[in-house]
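Here are a few exercises to work through with the model open in your viewer. Try each task before you read its solution.

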Amino acid sequence: MSEQGRVESGWVAPELREEFPALSLSYVVCERGSGRSGAEVKQRLRALSNRFSGAQAINLRHQPIPWAYRVFFRHIGLDPDEQPTPVEALALERMKRGGFRSLNLLDDALTIATIESGVALRAFDADRVCGQPGIRPSTAGEILEGRPSKLPEGTLVIADAERPISLLFGALASGRGVSSGTSRTLLCALGVKGVPAIAIEEALWIAAGVIG
Amino acid sequence: MPDLLEQDQRATVVDRQPFPSVAVPAGSERLARDELRRQIGLLERRLAELFASAFPRQGIDWRVGAVGGPRILSIAELERVRDALAYRLSEAQHEIARRADVEEVNRGLLESMIAEPQRFRWVRLSNEDVGETGCRHWHARPRWGVVGMLMGWWRVKLSSGCPLARGRWPRA
């Protein structure tokens, strides 16, 4: 696990690295869980809502980073129109609700960082992740905790040293997410071809900065 | 294949030959998958450009469908994704071209309507009919109601636009 506040690189399974050389997982650990957002964070969300207009939402898939995620979704068999990329999902919510809603400190931090950078972020309870996180295909008979059925073999997952903790761009394993009892948060950024390393670092810094 | 994909961006996909299947020499399956991924990236970019240029037209189908994932796709699956993207792009281009023709006709009709409203009694055109955003509409109707109808005093009335938004911004 990383030292607090230091961005580190997770592992990527060799067969995946061969297919997707630019696929990466970077992470940082924050010595804090979630909680209620302060007035400053709420104000920042409101300012972000005002800055993010309908025209930007329509042109989002034109922009290099959101486009890179859309393409990667296609490459791994997902349809970004059915299952939107993280930044598009937030843009859609912004359009539907007229603003970015404040939910809690962690979700607000992820919203701010994702909209500012376009990078896909995930968060886990750092104390419930064993060893370094990484990306790999699932093996036969493997399960994602909280799901009744086994994962189809070869499903791309974020995993720790022991088990899958989340689907790649999908559901988290039960009990691995950040809850009210979380005291340390593991923030992960997923990098794909076309997403510069500096954007990934920036996304993690923004999210970690908001969480504090 | 690269030449075909990287030629003039303004040319339409429908003018081109359909994408041929990627020939797979023994031992080069990964290269074939890389090539297919590159083609998918280009098609996705063109679809994104078309999506942005289609605004404010609504009701165009942009869905391509998922082959099921997340996982490493085989050559056949990547070909399916690429072909579905090419088909969707071509369909969307046709639909936008068809609508652009209708909008052009409607713009001509609007000009005639404004010039001679009495020839287009009760005709109503909306912003959507002429390919613009907003809720405005033009309506050829008589001045002063029945009196105008009897006297033949027709005019084109322009509506004031969209109703004001109701409700409050969600509380933070």
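The expected span of a helix is 1.5 Å times one less than its number of residues. Keep in mind that this is a predicted model.

**Exercise 1. Check the length of helix α5 of chain A against its expected span, then work out what surrounds it.**

Start with the count: α5(A) covers residues 86-97, which makes 12 residues. At 1.5 Å a residue the expected value is 16 Å, and the distance from the first C-alpha to the last is 17 Å, so the two are close, given how the expected span is defined.

Next, pick out the buried positions. They are A:Pro86, A:Val87, A:Glu88, A:Leu90, A:Ala91 and A:Arg94. The cover over them includes α2 (39-51), α3 (54-59), α4, α6 (105-117) and β4 (120-125), which belong to chain A as well.

Finally, look just past the end of the helix: A:Gly98 has a positive phi of about 85°.

**Exercise 2. Decide whether A:Met95 is buried, partly exposed or exposed.**

First place the residue: A:Met95 sits in helix α5 of chain A. Then count neighbours. There are 14 other C-beta atoms within 10 Å; because a buried residue needs 20 or more and an exposed one has 12 or fewer, A:Met95 comes out as partly exposed.

Now for its contacts. Skip the neighbours within four places in sequence, and A:Met95 touches A:Gly54 and A:Ala57. For a longer ruler, try A:Arg17: it is 78 residues away along the chain, and the two C-alpha atoms are 36 Å apart.

**Exercise 3. Do the same length check for helix α3 of chain B, and find what covers its buried residues.**

The helix runs over residues 75-115, so there are 41 residues to work with. The expected span is 60 Å and the end C-alpha atoms are 60 Å apart, so the check agrees.

On to burial. The buried residues of α3(B) are B:Leu78, B:Val81, B:Arg82, B:Leu85, B:Ala86, B:Arg88, B:Leu89 and B:Met113. Their cover includes α2 (29-54), β2 (137-142) and β3 (154-158) of chain B, and also α4 (64-75) of chain A.

Now zoom in on B:Ala92, which lies in this helix. It has 19 C-beta neighbours inside 10 Å; since buried starts at 20, B:Ala92 counts as partly exposed. Apart from neighbours within four places in sequence, B:Ala92 is in contact with B:Leu50, B:Ile60 and B:Trp62. From B:Ala92 to B:Ala76, 16 residues apart along the chain, the C-alpha separation is 24 Å.

**Exercise 4. Lay out the fold of chain B and the strand order of its sheet.**

Count the elements: chain B has four helices and three strands. Along the sequence they follow α-α-α-β-β-α-β. The three strands make an open sheet, ordered β1-β2-β3, with antiparallel pairing. β1 (124-126) and β3 of chain B are at the edges with a single partner strand each, so one side of each has no neighbour in the sheet. On average, neighbouring strands here are turned by 20° against each other, direction ignored.

For a closer look, take β2(B) and β3(B), which pair over five bridges. One to find on screen is B:Pro142 with its partner B:Trp154 in β3(B).

Two chain-wide values finish the job. Of the 172 residues in chain B, 17% count as buried. Among contacts with a separation of 6 or more, 57% join residues 24 or more positions apart.

**Exercise 5. Which residues lie on each face of strand β3 of chain A, and how does the strand pair?**

The strand spans residues 24-30, and seven of its seven residues are buried. A:Ser24, A:Ser26, A:Val28 and A:Cys30 are on one side; A:Leu25, A:Tyr27 and A:Val29 are on the other.

For the pairing, β1 (residues 8-9) of chain A joins β3(A) through two antiparallel bridges, and β8 (residues 185-191) of chain A joins β3(A) through seven, also antiparallel. A:Ser26 takes part in both: it is the bridge partner of A:Ser9 and stands opposite A:Ala189 in β8(A).

**Exercise 6. Describe the side of chain A that touches chain B.**

The contact involves 33 residues of chain A and 29 of chain B. α4(A) gives the largest share of the chain A side, with five residues. By type, that side splits into 11 nonpolar, 10 polar and 12 charged residues.

Definitions and conventions: Residues are numbered from 1 along each chain as its sequence is written. Chains are lettered from A and ligands numbered from 1 in the order in which they are written. This is a predicted model: local features need pLDDT of at least 70, side-chain atom pairs count only at pLDDT 80 or more; totals for chains, interfaces and linings use all residues. Two residues are in contact if their C-beta atoms, placed from the backbone, lie within 7 Å. Ala, Val, Leu, Ile, Met, Phe, Trp, Tyr, Cys and Pro count as nonpolar, Asp, Glu, Lys and Arg as charged, and the others, Gly among them, as polar. Two strands pair if DSSP finds at least two bridges between them. Axes are lines fitted to C-alpha atoms, for helices over the stretch in contact, and angles run from 0 to 180 degrees between N-to-C directions.
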